[in-house]
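Please work through the exercises below with the sequence and the structure at hand. Each task is followed by a solution in steps.

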Amino acid sequence: MAGSAWTSALCKWESPDYEPSLPVSEKSNPLTCDIDRASAESIVKMLHRCDVQMFQEESEGTYQRLLSDQVVKTLAEVAKRAELILKDPQDSLVVLSGCGTSGRLAFLIAARFNRALRQLKQNPVYSYIIAGGDRALLSSQEAPEDDPKLGMLSLKKVCEGKKRVLFVGISCGLSAPFVAGQLDFCLQHPEVYTPVLIGFNPAHQARDEAMPGCTFTFHSVVQRMQEHANAFLINPAVGPEAISGSSRMKGGSATKILLEVVLSAAQAAAFSRTPVTCNGIVQHIGAHKRTVDVTYSECEGIAALVEAAGRSLQGGGCVCYLGWGSLAVLSLMDASECNPTFGADYEDVRGFISGGYAELNINEGSLTSLGPDFCIAHEDFLHLLLPRLTDKDTVLLIYTHCDDVGDVLKLARRVREKMVNLHAFYHQADGDTSAALQQDDINKLCLSTLNITWPAAAMPFCRQNRTLSSVSVPQQWELSTKLVLNAVSTGAHILKGKIYQNHMIDVQVTNSKLYRRATRLLQRLSGRPGPQCEEALLKAIYQVEELTGDIPSCDITTHTHKARSRTKVVPAALVCLLTGCSLVEAESHLKQRPIIREAVEELL
């Protein structure tokens, strides 16, 4: 895309005439309309342009942005509330909560800032909640997202006995009933709770649909928060996702940035006498912008990983992430998101962490009793997966030079004895040569190596550098790793044919949000009326050519429960709508032509 055309497409989504019926988080991104036909390198470049949209400045008459004055002021106010709790933590708590990616980020950030407090000889004050419990950290648990009462009860349990709670609910689309129930509870008990909502749609685009057993909607909760002096709404628009609706990507990155900015500012103010200021907030966000730019400057190296992972998925193989420290947590997150996003099998992309559950340190302890998909240690990889891997599979080592690089080398040798398709992705500080010889040996074992080198003065927190100042430094390595892994898993599934234009068409319809998204998606891509699209979706879910009388009258929960045992329901429904073929014909062609555009073109 030429420079002027790219600049035009960069802001096109902000026009009031562009997909006006959709909230920002559900719009398609003009930058990626043909990403399903792009090469690996072009995919990475498109993702870079989309991520740059997070940091665009506010234009007159359009959406407020990440660096808008009101957003920055609100971030500073919330940081000051967190500072008060850090200075006087008795009977106090900061709770981070969300569903899916938002809940996983809540866990990651609560754990990291608690570690920082322990290193300062302070008691931990951060807690996390994720819809579905700790198993949702590692696998899709969609149904609990639809339960506002469950959200409220989980918050009450975590905060039992507390007299002051700063609650941060995260819902990228301002839509999750689980979070809405928690916010409503906070508003009912202002003597204890200060509610904060993080999302990326304007307030008027919050979901305004009834929720089970509730008299309120997410929209009405947002309205009440706006009228409440002790409630905060942080909702900058960061632009549509590269893959429409895939909030694990830009929505997740922006969530991480906002939480880190707030909590780092609060911690610096509480323990190093650095007052919270709007200018400090802006500088902190700017550091994250530089992280994005540094990461994507390695476009060729990222594309090589996308290409390798894509070949593996296309050939029926799998992709395995072997990580260390917090980067391994991000790899577990990225892998867990592939199943609901792309309709992938849980073995298609797997993550493993050095130290297993002891390193992960979650509330519920080890989850290995739940089955092999919850076995996450490197030892589990060596015993359960490595013996059956072949050269059609891809293994990616993910680490920093603050980790035990000797341990990385040992594992690399074990993998290389069994297969050739081994790759490495690591971070190091500029001038750090402590692991140079071992790194050279790792490079020789790998088909490709992606090395991102950072200025020493801007090093993120390192196990060998546990100073107070480093706690407040932006976590560049983590954000950079998230961007790379999102590119690898998304790009690989694009190359496999899981995307239609820039829509994740093979989404699993496992909760009300995804059911409605699937219906809207079919309507948008086929141009057919909503009722006809919903009818096609139901036929694919129930595997019937004609709907019987009782199916259309069932509620959405019944439909989504049935859909959990089905695959390719949305692609099959779309092929039927676009070509007029029967469901059996659509499913047959999709087996032969998994790339949906090709299946449609062949039928036409």
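The exercises that follow concern a predicted model.

**Exercise 1.** Determine where the largest nonpolar core lies with respect to domain 1 and domain 2.

*Solution.* Begin with the membership: the largest nonpolar core has 115 residues, and Leu96, Tyr126 and Leu360 touch the most other members. Next, consider the contributors: helix H8 (residues 250–271) supplies the largest share, eleven residues. Finally, consider the domains: domain 1 (69–276) and domain 2 (291–456 + 470–497) both give residues to the core, so the core lies between them.

**Exercise 2.** List the residues in contact with leucine 96, leaving aside neighbours within four places in sequence.

*Solution.* The partners are Ala106, Ile109, Ala110, Ser127, Tyr128, Ile129, Val168, Leu259 and Leu263. A second core, separate from the largest one, has 34 residues and includes Tyr500, Val509, Ala540 and Ile551.

**Exercise 3.** Decide whether tyrosine 515 is buried or exposed, and describe its surroundings.

*Solution.* First, locate the residue: tyrosine 515 is in helix H18 (residues 512–526). Second, apply the cut-off: buried means under 20% relative accessible area. Tyrosine 515 has a value of 2%, so this residue is buried. Third, not counting residues up to four places away in sequence, tyrosine 515 touches Val509, Glu534, Leu537, Leu538, Ile541, Ile556, His559 and Thr560.

**Exercise 4.** State which residues the UniProt annotation "domain: SIS" covers, and describe residues 81–275.

*Solution.* According to the unreviewed UniProt entry, the annotation covers residues 81–275 and 309–498. Over residues 81–275, the chain is 42% helix and 14% strand. The end C-alpha atoms of this stretch are 12 Å apart.

Definitions and conventions: Residues are numbered from 1 along each chain as its sequence is written. This is a predicted model: local features need pLDDT of at least 70, side-chain atom pairs count only at pLDDT 80 or more; totals for chains, interfaces and linings use all residues. Side-chain values use heavy atoms; hydrogens and water are left out. A nonpolar core is a set of buried Ala, Val, Leu, Ile, Met, Phe, Trp, Tyr and Cys residues joined through side-chain atoms within 4.5 Å. Buried means under 20% relative accessible area, exposed over 50%, partly exposed in between (1.4 Å probe, protein chains only). Helices (H or I, at least four residues) and strands (E, at least two) are DSSP runs, numbered from the N terminus. Domain bounds come from an automatic or database domain assignment. Contact means heavy atoms within 4.5 Å. UniProt positions are given in the numbering used here, feature names are shortened, and annotations may be inferred rather than shown by experiment.
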